[in-house]
Amino acid sequence: MTVQAIAWSPSGAVRIVDQRALPDARIERDLETAEAVADAIRTLQVRGAPLIGIAAAMGVVAGTRDLRAAPRERFVARLDELVTLLAATRPTAVNLRWALDRMARAGRETLGDGAAIWERLKTTATAIWEEDRAMCRRIGEAGLPLVPDGAAVLTHCNAGALATGGIGTALAPIYLAHEAGRRVEVFVDETRPVLQGSRLTAWELGHAGIPCTVIADAAAGSLMRQAKIDLVIVGADRIAANGDFANKIGTYALAVLALHHGVPFYCAAPSTTIDPALSDGDRIPIEQRGPEEVTMLAGRRIAPAAAAVLNPAFDVTPARYVTGFVTDRGLAKPPFGDHQ
Ligand code: MRU
């Protein structure tokens, strides 16, 4: 039913759906090296917090395939190199760092030579992927009561199957509601500047047979004022210990609008997105991306070449705007510090 965003190729490469080409074309690419995976993460061929963690873990495995006959020291040195390379690709989603730390730990803990360490890395990467798939399902089950028959749900960016190893986070309750035969009206923010909403969320919902309505980001407030939205569900890239969270730029504005209009605002994420080491959202590193994402659209310049551009990829929504967190551990309501 839902699209699968990642897989092993028969030769042990990382097979991805190149998300830059959607919705026009569904192109699968086999990434043979960790460097190719790093490039794919940096250029948004694979994106979404859980998926970049999974892709990076699988990239470590693909990138050490040729070292199976190597002595332990050489293998571990290369493992460290690849972990550093992949960790530097994107700063905001904590899932990336979490997955790579787990891979590095697994490698170092394993006694023996390259072959033994490589087998353990492969098992660990596969476990990271499978655990994410299971967490997505549990998020869907925890969020299902929030989506009754006839609900109108607004979502932002893409926090669906294309962003995870399973059925998504914010979209998981919607998929399960649809599976249960409930009618759900899904409004999808187009999500400027890179349009993950209109290009990816609308595509994957359509692929699963769930109709949706794409809106310009600026239309959300007006729809809420007309009482056309029952609830908002978004994903997260990092949740601080106090419940502040980072997600795609525009999420904060949506949260403010939701509070103003009395619309419940939920954040859905696996526990791997929680960063208990960060006390609050102001400490979350926010990725700044290239100006061309803002000044160019579909190959055409839409701002003067000389215009200054600010392009933060994420913003921080303070915990006080959040009605609840939907996680694999259930639905957490305020105060959030106690639940994380
Ligand atoms: O820049 P992106 O496309 O990687 O941003 C993704 C998001 O902001 C998602 O909402 C978030 O990662 C949650 S994905 C389940």
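Here are some notes to help you find your way around this predicted model.

1. A good place to start is the sheet near the beginning of the numbering. Three strands make up an open sheet, ordered S1-S2-S3, and their pairing is antiparallel. Strand S1 (6–8) and strand S3 (28–31) are the edge strands; each has a single partner, so one side of each has no neighbour in the sheet. From one strand to the next, the twist averages 25 degrees.

2. Now look at how S1 meets its partner. S1 and strand S2 (residues 14–17) are joined in the antiparallel sense over three bridges. You can find one pair by eye: Ala7 has Arg15, in S2, as its bridge partner. Helix H2 (residues 49–63) packs on this sheet and touches S1, S2 and S3, with a direction at about 20 degrees to that of S1.

3. Next comes the core. In the largest nonpolar core there are 44 residues, and those with the most contacts inside it are Ile6, Val14, Ile41, Leu86, Leu100, Met103 and Leu121. At least two residues each come from S1, S2, helix H1 (34–42), H2, helix H3 (72–87), helix H4 (94–109) and helix H5 (114–143). H2 gives the most, with 11 residues. As general background, nonpolar side chains in soluble globular proteins tend to be buried together.

4. Leu121 is a handy residue to click on here. Leaving aside residues up to four places away in sequence, Leu121 touches Val60, Val61, Thr64, Phe75, Leu79, Met103 and Gly107. There is also a second, separate core of 28 residues, whose members include Tyr175, Leu231, Tyr266 and Val326.

5. Two names from that second core lead on to another sheet. This open sheet has seven strands in the order S6-S5-S4-S7-S10-S15-S16, and its pairing is mixed. Strand S6 (212–215) and strand S16 (330–332) are at the edges with a single partner strand each, so one side of each is left without a neighbour in the sheet. The twist here averages 25 degrees from one strand to the next.

6. For an example of parallel pairing, turn to strand S10 (residues 265–268) and strand S15 (residues 324–327), which pair in that sense over three bridges. Ala268 stands opposite Val326 of S15. Elsewhere on the sheet, helix H7 (residues 196–207) lies across strand S4 (151–155), strand S5 (184–189) and S6, and runs at about 160 degrees to S5.

7. Is Asp189 buried or exposed? Asp189, which belongs to strand S5, is buried and yet has no salt bridge. The nearest side chain of opposite charge is that of Arg192, 12 Å away. Not counting residues up to four places away in sequence, the contacts of Asp189 include Leu154, Thr155, His156 and Cys157, as well as Gly197 and Ser198. Ile215, Ala216, Asp217, Ala220 and Leu254 are also touched by Asp189.

8. Finally, have a look at helix H6 (residues 172–179), which is mostly covered, with six of its eight residues buried. Those buried residues are Ala172, Pro173, Ile174, Tyr175, Leu176 and Ala177. What do they pack against? Their packing partners are H5, S4, S5, H7 and strand S7 (231–234). After H6 comes Gly181, with a positive phi near 85 degrees.

Key:
Residues numbered from 1 in each chain as written. Predicted model: local features only at pLDDT ≥ 70, side-chain atom pairs only at ≥ 80, totals over all residues. Heavy atoms only, no water. Pairing = 2+ DSSP bridges. Helix = DSSP H or I, 4+ residues; strand = E, 2+ residues; numbered from the N terminus. Axes fitted to C-alpha atoms, helices over the stretch in contact; angles between N-to-C directions. Contact = heavy atoms within 4.5 Å. Buried < 20%, exposed > 50% of the residue type's maximum accessible area, 1.4 Å probe, protein only. Lys, Arg positive; Asp, Glu negative; His and termini not counted. Salt bridge = Lys/Arg side-chain N within 4 Å of Asp/Glu carboxyl O. Core = buried A, V, L, I, M, F, W, Y, C linked by side-chain atoms within 4.5 Å.
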